[in-house]
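Here are some notes to read alongside the structure. Keep the view open and turn it as you go.

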Amino acid sequence: MHIVVAMRQLADLVEELEVNGDGTDIDRDFVKFVSNEWDEAALEEALTIKDESAASVTVVALDEPDVDQTLYAALAKGADRAVKLTGHDPSAWVRTRERAQRIASFLAHEEFDLVLTGVQAADDLDGQLAGILGSTLDIPHAAVVVGVELTGSSLRVAQELGGGLVGVSELELPAVLGVQAARQAPRYASITRIRQAMQTQKIEEQEVSLEVTTPQVTVRRLYPPEKQGGATMLTGSAKDVATEIVNILRSKGLV
Amino acid sequence: MAIAVLVVGERVAGESPDVTFELLGRGRELADALSGELAVVVVNDLDEGAQFGIADVLYVVDGMDSASYSAPQWEAAIGAVIQRVSPQVVLVSTGTVGIDLAGALATKFNAPLASYVIDVTAQGDKLVVTSQLYGGKLLSEGEIDAFPAFVSVLPGSLPVEKGRAQGSPRVEHIDAGDQLRLSKGRGTELREPDTSGVDITSAALLVSVGRGIGSKENLELVAELAEAMKAPLSASRPVIDQGWLPKPHQVGKSGKKVKPTVYLAFGISGAPEHLEGMRSAETIIACNTDPSAPIFEVAHYGTTLDLFDLVPELTDIVGG
Ligand SMILES: Cc1cc2nc3c(=O)[nH]c(=O)nc-3n(C[C@H](O)[C@H](O)[C@H](O)COP(=O)(O)OP(=O)(O)OC[C@H]3O[C@@H](n4cnc5c(N)ncnc54)[C@H](O)[C@@H]3O)c2cc1C
Ligand SMILES: Nc1ncnc2c1ncn2[C@@H]1O[C@H](COP(=O)(O)O)[C@@H](O)[C@H]1O
């Protein structure tokens with residue numbers, strides 16, 4: 001069983017996001033990039049499968065800011081191999097349709113049984129990776145996956161359908177899954193383990209040369225939502241604010 | 001008349017989700033602007049055509065197993081309908097069914113797709129779409145000038161009542177048997193929601209906590225406040241996925257929809273999937289150290305205080 005986990009970097013949403021000069025993308029020079037949280041869930045699921053069977057796990061990512069950190073962390077957590085795809089501009093926005101084609105081009109030379117990736121990334125304007133990759137490779141796929149069960153050559157997945165309803169289905173292998181949550185919270189790799197991985201393991205680089213033309217949405221402008229002036233901001237010390245909040249609750253007879 | 005807009009009905013079990021009617025309402029406007037018909041497709045034969053009165057045509061795909069859900073089968077079925085009727089615009093939601101199908105079908109038909117859409121209009125021979133990116137921190141305004149175009153709309157973005165209308169659209173049955181036989185997946189089971197434990201949907205006050213709490217140990221702090229306020233503790237998805245609280249506590253798209261008198265949110269950013277579950281609370285009070293957190297867009301009162309400073313004060317006043 002060979003599992004490929006497709007991971008990527010994404011702007012850290014907890015930080016301030018500035019829009020660039022021409023107003024159509026985030027200002028990538030000033031953004032902190034971190035690993036996409038749902039890809040971390042996909043990696044965790046792959047490693048859990050590896051823990052219970054003899055699967056091998058390859059992690060693949062496009063060259064993007066600080067991606068080495070993500071790949072070494074994956075190796076430190078137990079992935080067998082890490083591959084970085086080059087051949088595009090690593091400092092630009094690679095849209096999901098193009099990303100899928102680049103990963104498909106890598107997978108064309110790989111034997112794999114399962115591809116796991118995160119259910120979404122916050123800049124998936126052109127759709128989410130799992131379905132696009134599945135369709136590009138012409139293999140089955142499922143998204144919003146919260147359960148993966150592999151028995152021999154069959155795959156059972158559980159998908160959240162909204163409102164708590166869960167759909168269970170069987171897919172033929174190979175397949176692509178967009179993981180929403182792994183069976184457990186993503187494991188942690190200590191700095192020491194990551195340093196060790198950096199010293200003892202190598203990230204493999206592969207160049208993908210590809211003319212990608214997919215029909216896509218043309219972004220006219222990217223902008224922060226106009227403040228609706230919704231929230232009245234409560235200021236002062238913690239005690240002042242707490243008093244105000246409790247007054248609101250009391251006025252409604254709630255406490 | 002040609003089909004201008006095809007709405008994908010996303011009902012798997014129970015009633016059609018609200019988002020289907022949001023899509024129908026907007027679909028009607030788009031179809032009129034594009035001078036074509038509005039169609040809706042459902043993949044299991046159901047006797048609720050009457051609800052789809054706003055549409056001109058209802059396509060029913062025959063031969064699907066309606067007791068379960070399978071992504072490849074739905075893709076095959078909807079793909080067969082698109083192939084057959086060649087709509088200009090396909091409307092789906094950014095929910096599970098939409099996430100499963102939209103990217104895959106757009107790729108298959110080599111067509112553009114706009115996702116996370118909160119607004120879509122026709123302007124001349126273009127579609128103009130507004131999408132919510134980066135967890136709601138930025139909006140993208142874009143245009144599409146190639147058809148068919150796929151548009152995936154975030155549930156809760158468009159008016160829903162407009163889409164509900166009595167009436168009887170023309171019903172056409174489509175046999176996707178050939179495509180379904182080739183599909184490499186099948187549904188086996190539908191599991192109903194877990195209804196054990198706490199019921200967060202009936203409380204007048206909810207103390208809700210997000211990833212900002214940092215750890216399971218820290219959760220105790222907010223649990224004490226909830227106890228002092230005699231209110232249930234609810235949470236955003238990461239808190240549940242980390243195993244800090246059981247699933248019945250989850251608010252949002254894949255959790256519960258809540259509508260308390262007051263929703264107190266601590267350390268919750270306000271991602272669209274969370275807002276989907278609580279935006280209709282009567283009063284929302286949010287505590288988040290990030291002044292640009294999207295939660296402040298829906299909150300009525302906000303504070304950028306650190307929750308670790310604010311919560312103990314609240315507990316003090318209420319409990320003491
Ligand atoms: C298909 C799908 C379904 C989903 N369903 C749901 C769902 O049902 N419910 C749900 O909630 N999410 C859901 N999500 C996930 C959603 O996209 C977000 O990831 C999630 O809501 C983020 O949770 P959060 O706000 O707690 O965490 P974050 O976005 O990480 O926000 C944490 C916030 O805490 C603040 N903070 C940090 N420290 C402090 C402090 N000391 N004091 C005050 N504030 C602090 C930070 O500024 C930050 O804004 C779903 C996603 C997908 C793809
Ligand atoms: N019965 C259902 N069948 C399929 N999808 C559903 C169903 N109920 C809700 N959803 C999906 O879950 C999300 C939330 O829907 P709702 O709970 O109606 O707001 C939407 O994106 C829907 O697509």
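The points below go through the domains of chain B, one loop residue, and then the contact with chain A.

1. A word of caution before you start: what you are looking at is a predicted model.

2. Start with how chain B is divided. The domain assignment splits chain B into domain 1, covering 3–182, and domain 2, covering 200–319. Taken over C-alpha atoms, the centres of these two domains of chain B lie 33 Å apart. Where they touch, domain 1 of chain B puts in 8 residues and domain 2 of chain B also puts in 8 residues.

3. Now for the area between those two domains. About 590 Å² is buried between domain 1 and domain 2 of chain B, with carbon and sulfur atoms giving 58% of that. On the domain 1 side, look for B:Gly135, B:Lys137 and B:Pro155: they supply 57% of the area that domain 1 of chain B buries against domain 2, more than any other three residues.

4. B:Lys137 deserves a second look. The interface of domain 1 and domain 2 of chain B has 1 salt bridge. B:Lys137 also pairs with B:Asp290 in a salt bridge, with 3.0 Å between the closest N and O atoms. Across the interface of the two domains of chain B there are 2 residue pairs in polar contact. The side of domain 1 of chain B that touches domain 2 is made up of 2 nonpolar, 5 polar and 1 charged residues.

5. Next, a loop residue. Is B:Ser35 buried or exposed? You'll find B:Ser35 in the loop between helix H1 (18–33) and strand S2 (37–42) of chain B. B:Ser35 counts as exposed because its relative accessible area is 59%, and the cut-off for that label is over 50%. From B:Ser35 to B:Glu282 you go 247 residues along the sequence and 40 Å through space, C-alpha to C-alpha.

6. Then there's the partner chain. How many residues of chain B are in contact with chain A? The count is 85 residues of chain B, meeting 85 residues of chain A. The area buried between chain B and chain A is about 7200 Å², and carbon and sulfur atoms give 58% of it.

7. Finally, the polar side of that contact. Between chain B and chain A there are 9 salt bridges and 35 residue pairs in polar contact. If you'd like a salt bridge to zoom in on, try B:Arg186 with A:Glu170, at 3.2 Å from N to O. Helix H3 (residues 96–108) of chain B gives the largest share of the side that touches chain A, with 8 residues. By class, that side of chain B holds 36 nonpolar, 27 polar and 22 charged residues.

Definitions and conventions:
Residues are numbered from 1 along each chain as its sequence is written. Chains are lettered from A and ligands numbered from 1 in the order in which they are written. This is a predicted model: local features need pLDDT of at least 70, side-chain atom pairs count only at pLDDT 80 or more; totals for chains, interfaces and linings use all residues. Side-chain values use heavy atoms; hydrogens and water are left out. Domain bounds come from an automatic or database domain assignment. Contact means heavy atoms within 4.5 Å. Buried area is the accessible area (1.4 Å probe) that two parts lose on being put together, summed over both. A salt bridge is a side-chain nitrogen of Lys or Arg within 4 Å of a carboxyl oxygen of Asp or Glu. A polar contact is a pair of N or O atoms within 3.5 Å; within protein, one must be able to donate a hydrogen and the other to accept it, and residues adjacent in sequence count only if both atoms are side-chain atoms. Ala, Val, Leu, Ile, Met, Phe, Trp, Tyr, Cys and Pro count as nonpolar, Asp, Glu, Lys and Arg as charged, and the others, Gly among them, as polar. Helices (H or I, at least four residues) and strands (E, at least two) are DSSP runs, numbered from the N terminus. Buried means under 20% relative accessible area, exposed over 50%, partly exposed in between (1.4 Å probe, protein chains only).
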